[in-house]
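Biologist: I am new to this structure and would like a close look at a single part of it, the first helix and what surrounds it. Could you take me through that part step by step, and then place it beside the rest of the model?

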Amino acid sequence: MSRLESFIAEHRITEVECLVPDLSGIARGKILPAEKFLRILRDRGLRMPEAIFVQTVTGDFPDEEDVTSAENSDIYMIPDAATIRKVPWYTEPTAQVISDCVYADGGPVDIAPRYVLKRVLELYAQRGWRPVVAPELEFFLVQINKDPDYPLEPPVGRSGRTESGRQAYGIDAVNEFDPIFEDVYDYCEAQDIDIDTLTHEAGAAQIEINFNHGDALELADQVFLFKRTVRETAIRHQVYATFMAKPMQNQPGSAMHIHQSVVDLTSGKNLFATEDGQDTDLFRGHIAGLQKFLPMAMPMLAPNVNSYRRLVAGTDAPINVHWGRDNRTVGLRVPLSDAEGRRVENRVAGADANAYLAMAASLACGYLGMVQNLRPEDAVRGSAHGRPFSLPRHQTEALEKFNGCEALKELFGSKFVAAVTCVKQAEYDAYQRVISSWERENLLLNV
């Protein structure tokens, strides 16, 4: 009996959710009775239209025949048995499983985010290397907002009041929402989502969750499921959880910091430090690759118009790709550590990024630096906030740089770059058709 069959039988599953992360990290797929799920798997597998991977966050499909087939042909969902889990918040015994996608000829769908990350990890494996990552994910709890024209507000906590100030690392501030987080931890434990520390961040009702370090694909799967879990838990407590990069004015943005190192595939030895704790050439190359290529990979790290509201001077978010030791003002921070724990923390990615693509981009940039034997600039001492911008300032600039980088096109495939571009350009065009409250407030009677 296969793992899928045994899991369904053991847990008496009656319904299965087959999940596929799209370019925006939204869960697409199908829900069906468990018996039918197993029967279809024995045949060929569940089908979806290929265009699901060029669906925008607004639900539109750009007219881009060069990316997907003109016929919008079927692709086949292949469940990864290692990812099957119970969905703990349903009364009816329900399982969820993350699927990869293939074409009718068996070849992988090369614009699928999960495959893009696998492609990068395979490049490391061919060199005898294995990346190790540990994401940190920030998000806000906010009052339920039914009218998008109204600004978001912090929710009411157990005390009956909303936060009026900033409570970074505040214990009692976190405990205001203790019932929510008790459920989050319970749901995560039931799904084998390996979260570690919970802290209150600088924003009002802004929370950070740290994941334990491990395999990049497994951690991307966990972040994908975690976002869904937190949103569902919050709604059950009559609040929203949002992973927008900048959901509220005059509040900090939310990041997805990615700690990353590279170990020897055979021995498990950290390749970023010598036995006596000195930096290696591979470590320096990895940082140099991040410095050179991250500004050109930004559509994978800051994918939305709102993403660039977070990356502004004078905030905790970086505006450049300088690096430094134990320095939180730079884009690339190297925490103090022993040789075994030597790593770099990429602080550029926003919480709104698709975890598969953010990790793929971050690891790909480091990989290019390692194989090209690049060398980084000198580490920054003191604050990097006063140094010039080196990241794109808005989405259109980011897309231009992304399309102009031949090294990334070769690594990810030109078809994937085209897919990201057509989706994000369509979203930007939709955004440009909306007139904001700022424009009405300041221009209506003054110009």
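Modeller: Just after helix α1 comes Arg12, whose phi is positive, near 50°, and since this is a predicted model, that value, like the others here, is computed from predicted coordinates. Most residues other than glycine have a negative phi. Helix α1 itself spans residues 3–10, and its buried residues are Leu4, Phe7 and Ile8. These three lie on the same side of α1, because the arc they cover around the axis is only 95°. What covers them includes the strands β1 (15–21), β4 (74–79), β5 (85–86) and β6 (94–102), together with the helix α2 (34–43).

A positive phi is also found at Asp192, where the value is near 60°, and at Asn373, where it is near 55°. Asp192 sits in the loop between α5 (178–190) and β8 (195–200), and it counts as exposed because its relative accessibility is 58%, over the 50% cut-off. Asn373 belongs to the loop between α9 and α10 (395–403), and with a relative accessibility of 53% it therefore counts as exposed.

Turning to the interior, the largest nonpolar core holds 121 residues, and those touching the most other members are Phe37, Phe139, Leu141, Phe226, Phe412 and Phe416. Helix α9 (residues 355–371) gives this core its largest share, 13 residues. Beyond its neighbours within four places in sequence, Phe416 is in contact with Leu23, Asp110, Ile111, Val116, Met300, Leu357 and Phe402.

Key
Residues are numbered from 1 along each chain as its sequence is written. This is a predicted model: local features need pLDDT of at least 70, side-chain atom pairs count only at pLDDT 80 or more; totals for chains, interfaces and linings use all residues. Side-chain values use heavy atoms; hydrogens and water are left out. A nonpolar core is a set of buried Ala, Val, Leu, Ile, Met, Phe, Trp, Tyr and Cys residues joined through side-chain atoms within 4.5 Å. Buried means under 20% relative accessible area, exposed over 50%, partly exposed in between (1.4 Å probe, protein chains only). Helices (H or I, at least four residues) and strands (E, at least two) are DSSP runs, numbered from the N terminus. Contact means heavy atoms within 4.5 Å. The arc is that of the directions from the helix axis to the C-beta atoms.
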